[in-house]
Amino acid sequence: MEQEIPAAEGSVTVILTASEPVELNRIAVFPGKAGFGAISSLKIVLDNELTSKEYVICDKDTVPLILDFPIHLAKRIEVLFSLREGEMSIGLSEIMLIREEG
């Protein structure tokens, strides 16, 4: 199911919370029907600690967009989206938390 999320001042933050810490080292972002067109960049914050560098979206990005980082235990996962100028919302179909070996 695609979800349209309105922006506040050029950015959107999606917050996922868990009752127990989850171990993860990747996050997969699946865009809505419009693709990544409205998104200029994104970052990952785990338990209030910036975990990834800013990832700038380009036309060659594949679906899903997979962001890698060192293994981390987290209860609060934030995906911070910066929007392209003039955009007012983003469309997302799924954000997947992944724990992958090696």
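Let's start with R76, which is partly exposed, with a relative accessible area of 30%. Its partner is E78: the two form a salt bridge, and their closest N and O atoms are 3.1 Å apart. E78 itself is buried, at a relative accessible area of 11%. I should say right away that what we're looking at is a predicted model, so please keep that in mind as I go.

While we're on E78, have a look at L50. L50 is found in strand β4, residues 49-50. In sequence, L50 and E78 are 28 residues apart, and in space their C-alpha atoms are 9.3 Å apart. And what does L50 touch, once we set aside residues up to four places away in sequence? The answer is K43, I44 and V45.

Back to the charges. How many salt bridges does a search of the whole structure find? Five. As a general point for the chemists here, side chains of opposite charge can pair when their charged atoms come close.

The next one I'd like to show you is R26 with D68, where the closest N and O atoms are 2.4 Å apart. This pair links distant parts of the chain, with R26 in strand β2, D68 in strand β6, and the two positions 42 residues apart. R26 is partly exposed, with a relative accessible area of 24%, and D68 is partly exposed too, at 48%.

Then there is E101 with R99. Their side chains meet in a salt bridge at 3.5 Å, N to O. Is E101 buried or exposed? With a relative accessibility of 65%, E101 counts as exposed, while R99 is partly exposed at 31%. There's a third member to mention here: E23, R99 and E101 are linked in a network of salt bridges.

Now, the strands that hold some of these residues. β2 and β6 pair in the antiparallel sense, over 14 bridges. If you want one spot to click on, take V29, whose bridge partner in β6 is L65. β2 also pairs with β7: six bridges join them, and they run antiparallel. There, R26 comes back into the story, as its bridge partner in β7 is I98. So R26 has a bridge partner in β7 and a salt bridge to D68.

Let's go inside. The largest nonpolar core has 23 residues, and those with the most contacts within it are I27, L42, I44, F81 and I90. Which strands each supply at least two residues of this core? They are β2 (11-31), β3 (39-46), β6 and β7 (89-98). The largest share, eight residues, comes from β6. In general, nonpolar side chains in soluble globular proteins tend to be buried together.

I27 is a nice residue to zoom in on. Leaving aside its neighbours within four places in sequence, I27 is in contact with I44, L65, I66, L67, F69, I77, I95, M96 and L97.

Two more residues are worth a stop. The first is I57, which sits in the loop between β5 (55-56) and β6 (65-83). Is this loop residue buried or exposed? I57 is buried, because its relative accessible area is 5% and buried means under 20%. Not counting residues up to four places away in sequence, I57 touches F36, I39, S40, S41, L42, L65 and R84. Take F36 from that list: I57 and F36 are 21 residues apart in sequence, and their C-alpha atoms are 7.4 Å apart in space.

The second is H72, in strand β6. H72 is buried as well, with a relative accessible area of 17%. Beyond its neighbours within four places in sequence, H72 is in contact with V22, E23, L24, L46 and E49. You'll recognise E23 there, from the salt-bridge network with R99 and E101.

Last, a word on confidence. The mean pLDDT of the protein chain is 87, and 91% of its residues reach 70 or more. Where is confidence lowest, and where is it highest? It is lowest in strand β1, residues 3-6, with a mean of 60, and highest in β2, at 93. As a rule, where pLDDT is low, the predicted coordinates should not be read in detail.

That's the tour. Happy to go back to any of these residues on the screen.

Methods:
Residues numbered from 1 in each chain as written. Predicted model: local features only at pLDDT ≥ 70, side-chain atom pairs only at ≥ 80, totals over all residues. Heavy atoms only, no water. Helix = DSSP H or I, 4+ residues; strand = E, 2+ residues; numbered from the N terminus. Buried < 20%, exposed > 50% of the residue type's maximum accessible area, 1.4 Å probe, protein only. Contact = heavy atoms within 4.5 Å. Core = buried A, V, L, I, M, F, W, Y, C linked by side-chain atoms within 4.5 Å. pLDDT = per-residue confidence, 0-100. Pairing = 2+ DSSP bridges. Salt bridge = Lys/Arg side-chain N within 4 Å of Asp/Glu carboxyl O.
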